[in-house]
Amino acid sequence: MIKRARRLRQNSSIRNLVSETKLHADDFVYPVFIKQGIDREPIKSLPGQYYLSPEELQYEIDELLKLGINGIALFPVIGKEYKSSCAKEAYNLDNFLNQTIALTQKTHGDSITLISDVALDPYTNHGHDGLLEDGKIINDKTVEVLCKMALAQAQAGADIVAPSDMMDGRVAAIRETLDRNGFEDVMIMSYTAKYASNLYGPFRDALGSLGSSPYKGDVAIQNRHCEERSDVAIHSSIPTDKKTYQMSYTNKQEALRELEMDISEGADMVMVKPASWYLDIIHQFKENSSVPVAAYQVSGEYAMLQNAIQQGIIDKSAIEESLIAIKRAGADIILSYFAKTFLSELSLNS
Ligand code: PBG
């Protein structure tokens with residue numbers, strides 16, 4: 001036999017030498033949920049993850065930096081009293097998220113890259129990523145609010161703003177707004193191919209957005225905090241899913257159209273989300289994108305694996321396998337709730 005494939009597999013040192021895909025701390029962004037009125041509190045839907053106070057977040061960042069992690073993505077839990085139909089709190093310069101961004105910038109400066117989410121879902125009382133009119137999520141007025149929101153985050157000190165809303169034209173509009181206000185160095189990481197996935201369930205639970213919203217079906221929504229028609233209840237039917245703005249999981253060609261749009265509109269990085277069931281899309285992006293490609297291993301991917309591991313059904317090393325698959329498909333950057341566990345425990349034993 002001249003060719004023996006097993007020669008290169010005979011022990012770990014030769015396997016390591018010929019390994020084609022390697023994970024590095026530099027690849028990771030760690031998503032963090034921040035919450036008011038607590039120090040550190042377990043997140044029920046995401047076993048092993050915690051809500052952190054802004055102060056606790058600073059200690060967490062110290063730990064992440066020790067592991068070599070360069071980026072965090074912040075998601076705020078917003079009290080019901082701040083939610084409204086016009087999502088006004090989203091662009092309050094002094095809101096909870098922006099205060100946290102400012103504190104983090106002051107404490108850690110350039111040592112960590114701070115990514116803030118631009119979408120209205122934490123701030124709308126119906127839980128959608130956009131404004132609702134006559135039962136529809138309206139695009140252009142939503143984009144105006146997103147621009148104000150991105151600007152406020154930039155003013156607070158965000159390094160990267162990450163529109164996760166899937167409205168059309170938002171990357172160009174946000175770029176223009178940032179530039180006009182002197183924030184030409186603030187980057188945009190666009191959620192480019194974001195699918196209407198079932199895998200966001202634990203995240204929505206953690207934030208209390210769609211699905212956990214008190215408003216369901218055909219109801220009157222309080223217009224609290226909104227100047228227009230303030231305190232008037234507007235009657236609207238609320239879509240129960242996000243399929244009019246997030247992509248259908250049947251489509252791949254459409255992801256290319258989104259990619260072309262976002263790159264031409266000035267996105268500095270593009271993202272595929274979720275990751276593991278969308279490896280074909282990550283691969284397609286890598287082949288076609290002139291800017292770095294990020295992939296988000298989302299809450300449902302994490303929860304499925306984490307629960308199976310905790311029940312002893314699947315071995316912990318499946319975490320590494322899932323992350324390797326995402327990188328092998330072509331991701332330059334991986335957003336993962338496993339980032340910390342992986343870098344602190346698993347990489348030491350492999
Ligand atoms: C909302 C947003 C979602 C996630 C990130 N930003 C949920 C959604 O679109 O409903 C999901 C992240 C995850 O599931 O881990 N703009």
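A87 turns up in the loop that runs between β4 (71–76) and α3 (96–108). In this predicted model, A87 has a positive phi of about 55 degrees, even though it is not a glycine. A second backbone detail involves K273 and P274: the peptide bond leading from K273 to P274 is cis, with omega near -5 degrees. P274 belongs to the loop between β12 (269–273) and α8 (279–288).

K273 also comes up at the ligand. There, 17 residues make up the surroundings, and the closest are R204, K242, K273, S299 and Y337. Sorted by class, this shell has seven nonpolar, three polar and seven charged residues. Several side chains come up to the ligand with polar atoms. In the case of R204, an N or O atom of the side chain is 2.6 Å from an oxygen atom of the ligand. Y337 places a polar side-chain atom 2.6 Å from an oxygen atom of the ligand. With D129, the partner is a nitrogen atom of the ligand, and a polar side-chain atom of D129 lies 3.0 Å from that nitrogen. On its own, the ligand has 400 Å² of accessible area, and the protein covers 100% of it.

Next comes the empty space inside the protein. Rolling a probe about as big as a water molecule over the atoms shows where such space is left. Searching the whole structure this way turns up two cavities of 30 Å³ or more. The largest cavity holds about 110 Å³ of space, and this is where the ligand sits. Its lining is made of 13 residues, with D121, K194, F203, K242 and K273 lying nearest the centre of the cavity. The elements giving two or more residues to this lining are strand β9 (187–194) and helix α6 (201–207). Charged residues account for seven members of the lining, alongside four nonpolar and two polar ones. K242 and K273 thus appear in two lists: they are among the residues closest to the ligand, and they are also among those nearest the centre of the largest cavity.

The second largest cavity has about 40 Å³ of space. One part of its lining is M166, M167, D168, G169 and R170, and the rest is E258, M261, D262 and E265. Helix α7 (residues 253–264) gives the most to this lining, with three residues. By class, the lining of the second largest cavity comes to three nonpolar, one polar and five charged residues.

Technical notes
Residues numbered from 1 in each chain as written. Predicted model: local features only at pLDDT ≥ 70, side-chain atom pairs only at ≥ 80, totals over all residues. Heavy atoms only, no water. Near = heavy atom within 4 Å. Polar contact = N/O pair within 3.5 Å; in protein donor to acceptor, adjacent residues only side chain to side chain. Areas by Shrake-Rupley, 256 points an atom, 1.4 Å probe, with all protein chains shown as cover. 1 Å grid on protein atoms, 1.4 Å probe; cavity = no way out; pocket = protein on both sides within 12 Å on 5 of 7 lines; lining within 4 Å. Sits in = over half its atoms within 2 Å of the grid points. Nonpolar A, V, L, I, M, F, W, Y, C, P; charged D, E, K, R; others polar. Points joined across faces, edges and corners; volume = space filled by probe spheres on them. Helix = DSSP H or I, 4+ residues; strand = E, 2+ residues; numbered from the N terminus.
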